[in-house]
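The following exercises are to be worked through with the sequence and the structure at hand. Each task is followed by a solution in steps.

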Amino acid sequence: MTKGTRSVCWIMLFGLSWIGDPLCINSNRCFGQQISSWKKTTVYEGARCMTAIAGDFRQAGQTDFFVNAGSVSSFYPGPSLAQVIIDDSPEHNFIHCEAFDIDADGDQDIVGARYMPGLIVWFEHPQDAQHDRWLVHTIDDQVNGIHGLLRADVNRDGKLDLIANSAQPISKFPYSLVWYDVPDDPKKPWNRHVVADGDAPGLTHYMGFGDVNGDGFGDIATGAKGGPQAEEGTGDWFAWWQAPADSTGKWQKHLIATEQPGATNIHPVDVNRDGRMDFIASRGHGVGVIWFEATGNTQRPWVEHSIDATIKEPHSLTIADLDNDGDMDAATCAYGSKLVAWYENDGFGRFQTRIIDQGQEAYDIRAIDCDRDGDLDLVVAGRESNNALWYSNPLINSVE
């Protein structure tokens with residue numbers, strides 16, 4: 001397809017998909033609401049579901065799913081998605097999970113975290129994922145209030161590490177963030193390193209990772225929701241921790257913004273293509289999706305901009321190029337508004353809201369190419385909707 005033809009197709013695609021009266025989402029952009037054309041596929045229905053992930057776990061050229069719901073961990077191999085229960089321990093009621101090849105055997109293992117009392121375990125992917133037993137190994141049981149997990153190469157050794165938070169004050173690592181490098185024998189307890197040493201109060205949630213200050217080292221960001229469950233005056237903020245040259249050393253905290261009630265998610269990303277790392281964030285226990293523009297001014301390093309000022313409890317947030325145009329967009333499923341939406345970035349930090357679905361509640365969202373057609377789809381863990389599902393991005397099939 002030529003560039004000109006593709007441009008015409010884009011005009012036709014978006015021009016024919018707008019309905020209703022204009023909606024002013026922020027002060028300087030008004031636009032219509034897009035008709036949803038994202039196909040919904042249900043992976044699981046039944047119990048309360050806090051976390052779900054997808055990937056080619058078996059390295060078989062198919063997309064598989066892992067869902068934890070009602071303390072039952074299930075594997076759904078593609079394309080059949082026939083449920084395989086791999087663990088039903090009442091001790092394993094996970095709030096978040098991740099997946100990567102922990103034991104370096106070529107397939108994807110799964111990490112699960114329980115909030116309180118804190119526990120992080122990993123499931124060893126067996127040779128036959130549908131019939132063999134998935135062995136469970138403990139990573140750590142000393143951190144407490146684990147709300148988020150994040151995989152990243154923290155120590156720059158070319159291998160993935162694991163980042164977690166310890167949000168509760170009642171533990172050996174109160175109000176902290178930690179990271180783990182995988183030991184040579186991952187079945188033994190992992191090596192724990194403290195990032196935020198008691199300076200992350202207010203009930204932190206999810207983490208973001210990226211080189212914020214351009215020094216070549218990956219930094220870590222998070223938000224703290226505050227509210228009645230937190231110690232008074234300790235939450236409602238976003239911050240990032242600057243990585244030292246030795247990632248096992250002391251990390252330096254930098255506040256991004258205060259007076260952010262319900263702060264939960266934050267991801268470093270160059271929103272406006274100016275070469276500086278900005279942040280996209282959500283107030284998942286409050287209202288709104290926002291981004292913080294890096295100014296390069298030490299006196300006022302961040303300027304806040306609204307992406308969606310009205311969406312309620314956007315507890316989930318993922319950052320990805322959802323329209324394949326080279327810039328980073330955002331997506332959420334808000335449990336307050338019961339709305340699935342993605343936000344199209346024009347490349348300069350101006351966002352348009354695209355509604356995908358209504359009546360769906362969620363706690364977590366991930367972007368992955370589930371149907372393997374070249375664009376990124378969305379996987380949603382529907383907390384009070386009691387389901388796990390994925391939405392197929394219509395982009396590729398629409399323009400080719």
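**Exercise 1.** Determine which strands supply at least two residues each to the lining of the largest pocket.

*Solution.* The model is a predicted one. Strands E4 (49–55), E8 (96–100), E12 (149–152), E16 (204–210), E20 (265–269), E24 (318–320) and E28 (364–368) each supply at least two lining residues. The largest share, 5 residues, comes from E28. The lining comprises 34 residues, and Glu-98, Leu-150, Arg-151, Thr-318 and Arg-366 lie nearest the centre of the pocket. By class, 19 lining residues are nonpolar, 10 polar and 5 charged. The pocket holds about 770 Å³ of space.

**Exercise 2.** Classify Arg-58 and Asp-64, which meet in a salt bridge, as buried, partly exposed or exposed.

*Solution.* Buried means under 20% relative accessible area, and exposed means over 50%. Arg-58 has 23% relative accessibility and therefore counts as partly exposed. Asp-64 has 0% and therefore counts as buried. Their side chains meet at 2.8 Å, N to O.

**Exercise 3.** Establish which side chains make polar contacts with Asp-181, a buried residue without a salt bridge.

*Solution.* Asp-181 is located in strand E14 (residues 176–181). The nearest side chain of opposite charge, Lys-159, is 7.6 Å away. A salt bridge requires a nitrogen of Lys or Arg within 4 Å of a carboxyl oxygen. The side chain of Asp-181 does make a polar contact of 3.4 Å with that of Asn-191, and another of 3.1 Å with that of His-193.

Key
Residues are numbered from 1 along each chain as its sequence is written. This is a predicted model: local features need pLDDT of at least 70, side-chain atom pairs count only at pLDDT 80 or more; totals for chains, interfaces and linings use all residues. Side-chain values use heavy atoms; hydrogens and water are left out. On a 1 Å grid over the protein atoms alone, a cavity is a set of points where a 1.4 Å probe fits but cannot get out, and a pocket is an open set with protein on both sides within 12 Å along at least five of seven lines; lining residues have an atom within 4 Å of a point. Grid points are joined across faces, edges and corners, and a volume is the space filled by probe spheres set on the points. Helices (H or I, at least four residues) and strands (E, at least two) are DSSP runs, numbered from the N terminus. Ala, Val, Leu, Ile, Met, Phe, Trp, Tyr, Cys and Pro count as nonpolar, Asp, Glu, Lys and Arg as charged, and the others, Gly among them, as polar. Buried means under 20% relative accessible area, exposed over 50%, partly exposed in between (1.4 Å probe, protein chains only). Lys and Arg count as positive and Asp and Glu as negative; His and the chain ends are not counted. A polar contact is a pair of N or O atoms within 3.5 Å; within protein, one must be able to donate a hydrogen and the other to accept it, and residues adjacent in sequence count only if both atoms are side-chain atoms.
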